[in-house]
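Q: Could you walk me through one part of this protein up close? I'd like to see how the residues there fit together, and I'm only in my first year, so please keep it friendly.

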Amino acid sequence: MGSPPGDGDPSALSTVARPRFLATDTSTDFVLTVVEGVDRGRTLTVAGSQPHRVLVGSGPACELCLSDREVSRRHLALEPAGRRLRVTDLGSTNGTFVDGVAIAEAFVRGGEVVRLGSTAMEVVNAPAQPGPGLPVRTSFGRLIGASTEMRRLYPLCERLAQAAVTVVIEGETGTGKEVLAEALHEEGPRAAGPFVVFDCTAVPATLVESELFGHERGAFTGAVGTRKGVFEQAHGGTLLIDEIGDLELSLQPKLLRAIERGEIRRVGGDRPIKVDVRLLAATRRDLDREVQAGRFRDDLFHRLAVARVELPALRHRVGDVQVLARHFWRALGGEDSGLSGDLLMRWQDYEWPGNVRELRNAVARRLALGELAPTVGAADPHAPGAADASAGEADFLDAILRRGLPLVEARQILIEEFERRYIEHAMSRHGGSVSKAADAAGVAKRHFQRIKARGQKRE
């Protein structure tokens with residue numbers, strides 16, 4: 001992602017030394033007390049400086065774990081938002097209600113009653129406890145963001161970088177989970193060791209075990225030599241298992257055994273091999289829900305989720321669109337004068353379903369195509385500037401024609417651009433799921449992955 005901006009003011013215009021933390025914090029603490037239900041009397045405090053969402057439900061991963069059988073494992077999330085508290089229903093079975101009104105997401109200020117299942121919780125606005133405040137830094141390693149939502153995460157990330165525990169990084173597709181994982185590696189004691197990424201969606205199911213643990217010569221058809229898996233490749237460093245929620249259920253016990261024992265056995269091998277690896281896992285899926293549905297092992301989940309970091313969606317990171325757009329613009333070789341305030345504001349107003357990845361692609365297209373590029377990232381007919389996008393697409397075709405290219409070459413350029421946009425749009429519509437996007441496209445998953453990989457390589 002290029003070199004991050006320095007700590008301090010996002011504009012990085014001043015060289016005056018700045019304090020490590022902001023002196024004031026306008027956030028508010030909230031205390032939720034169970035006033036009805038089997039858990040009556042239990043309380044939960046959500047600090048205004050909380051670095052991540054607080055979960056309420058019947059699952060063991062929740063900060064407030066309720067005994068109410070009508071409450072889902074991961075029922076709702078609570079997140080401070082200045083002087084308000086954001087309450088988000090997480091697709092619960094029986095719903096979430098604020099003062100008797102069913103909600104998907106709502107803001108409370110104190111005095112409301114939140115009901116889930118047979119449990120009712122009263123929300124009380126409490127004076128914020130004095131603390132060090134939020135850091136003024138605008139990055140953690142490669143991870144960039146000046147918003148309150150991101151700056152809350154940085155102290156937690158600093159501590160996790162120095163720890164040896166496994167970490168689950170959660171967030172929508174494109175929020176920067178791999179970037180955070182690499183930052184945790186580079187800011188920690190294993191920085192001199194290898195950083196290896198294994199994507200569970202990028203390898204055919206029949207080869208996942210071999211990719212993870214390696215194989216011996218002759219272990220299966222095509223195994224013409226001995227090969228190390230990603231665990232051995234990451235020895236002495238960090239291994240990120242990306243999209244771990246997509247790992248086949250049959251392989252999960254073998255992964256759990258490798259983590260617990262610190263050793264692996266190659267496919268076709270007859271001896272264990274010790275490995276020293278710091279494990280990180282990333283997922284766009286709700287692992288609590290996957291456990292509840294029987295698609296993810298409970299014991300593996302608890303072994304992985306020693307610590308959890310949830311990266312916020314770009315649409316919730318107030319002010320970060322402009323910070324990131326300027327960073328990508330400069331990193332990709334653009335001149336500051338070419339990035340207009342009007343363009344920045346239009347990007348700021350867009351929802352960015354593809355998050356930071358989509359924003360980076362939009363910046364890259366703008367630099368490559370100039371005024372011919374669509375105003376926003378994906379070809380969304382309801383997005384701001386969509387009318388201009390259709391005109392831009394026509395201009396793009398005209399520009400290709402004006403170049404006087406041979407038919408075969410011009411057609412190839414158009415096909416590649418169409419494939420890239422189609423794949424990006426399909427992934428956004430289906431929450432980053434390759435399987436669902438491939439099904440909707442009517443092509444095999446492996447073929448969809450090949451097209452997707454070609455587009456990423458060209459970018």
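A: Let's start with a term: a nonpolar core is a set of buried Ala, Val, Leu, Ile, Met, Phe, Trp, Tyr and Cys residues joined through side-chain atoms within 4.5 Å. Keep in mind that you're looking at a predicted model.

The part to zoom in on is the largest nonpolar core, which has 32 residues. The residues with the most contacts inside this core are Phe198, Leu212, Phe231, Leu239 and Ile241. As a general point, nonpolar side chains in soluble globular proteins tend to be buried together.

Who chips in? Several elements give two or more residues to the core, including strands S15 (195-199), S16 (238-242) and S19 (278-283). On the helix side, the contributors are H4 (208-213), H5 (230-233), H6 (252-261), H7 (287-292) and H8 (298-304). Helix H6 gives the most, with four residues.

Now take Phe198 and look around it. Skipping its neighbours within four places in sequence, Phe198 is in contact with Val203, Val208, Glu211, Leu212 and Val230. The list also takes in Leu239, Leu240, Ile241 and Asp242. Two of these, Glu211 and Asp242, can't be members of the core, because Glu and Asp aren't among the residue types that a nonpolar core is built from.

There is also a second, separate core of 22 residues, and Val46, Val98, Val114 and Leu116 are among them.

Val114 is a handy bridge to our next stop, Thr119, since Val114 is one of the residues in contact with Thr119. Thr119 is found in strand S11 (residues 119-126) and is buried, with a relative accessible area of 0%. Its other contacts, again leaving aside neighbours within four places in sequence, are Val34, Glu36, Leu66, Asp68 and Val71. With Asp68, the side chains make a polar contact at 2.9 Å.

Back to helix H7, one of the elements that feed the largest core. Charged residues turn up around there too. In general, side chains of opposite charge can pair when their charged atoms come close. Asp286 forms a salt bridge with Arg74, with the closest N and O atoms 2.6 Å apart. Asp286 sits in the loop between S19 and H7, while Arg74 is in the loop between strand S4 (64-65) and strand S5 (76-81), so this pair links parts of the chain that are 212 residues apart.

Asp288 pairs with Arg74 as well, and there the closest N and O atoms are 3.3 Å apart. Asp288 lies in helix H7 and Arg74 in that loop between S4 and S5, so the pair ties together parts that are 214 residues apart in sequence. What about burial? Asp286 is buried, Asp288 is buried at a relative accessible area of 1%, and Arg74 is buried at 8%. Salt bridges that share partners join Arg74, Asp286 and Asp288 with Glu170 and Arg308 into one network.

For contrast, here's a salt bridge inside a single helix. The side chains of Arg421 and Glu417 meet at 2.6 Å, N to O. Both are in helix H13 (residues 407-429), and because they are four residues apart, about one helical turn separates them. Arg421 counts as buried at 18% relative accessibility, and Glu417 is buried at 15%.

Stepping back, the chain has 32 salt bridges by this count, along with 15 helices and 20 strands. Buried residues make up 47% of its 459 residues.

Key. Residues are numbered from 1 along each chain as its sequence is written. This is a predicted model: local features need pLDDT of at least 70, side-chain atom pairs count only at pLDDT 80 or more; totals for chains, interfaces and linings use all residues. Side-chain values use heavy atoms; hydrogens and water are left out. Buried means under 20% relative accessible area, exposed over 50%, partly exposed in between (1.4 Å probe, protein chains only). Contact means heavy atoms within 4.5 Å. A salt bridge is a side-chain nitrogen of Lys or Arg within 4 Å of a carboxyl oxygen of Asp or Glu. A polar contact is a pair of N or O atoms within 3.5 Å; within protein, one must be able to donate a hydrogen and the other to accept it, and residues adjacent in sequence count only if both atoms are side-chain atoms.
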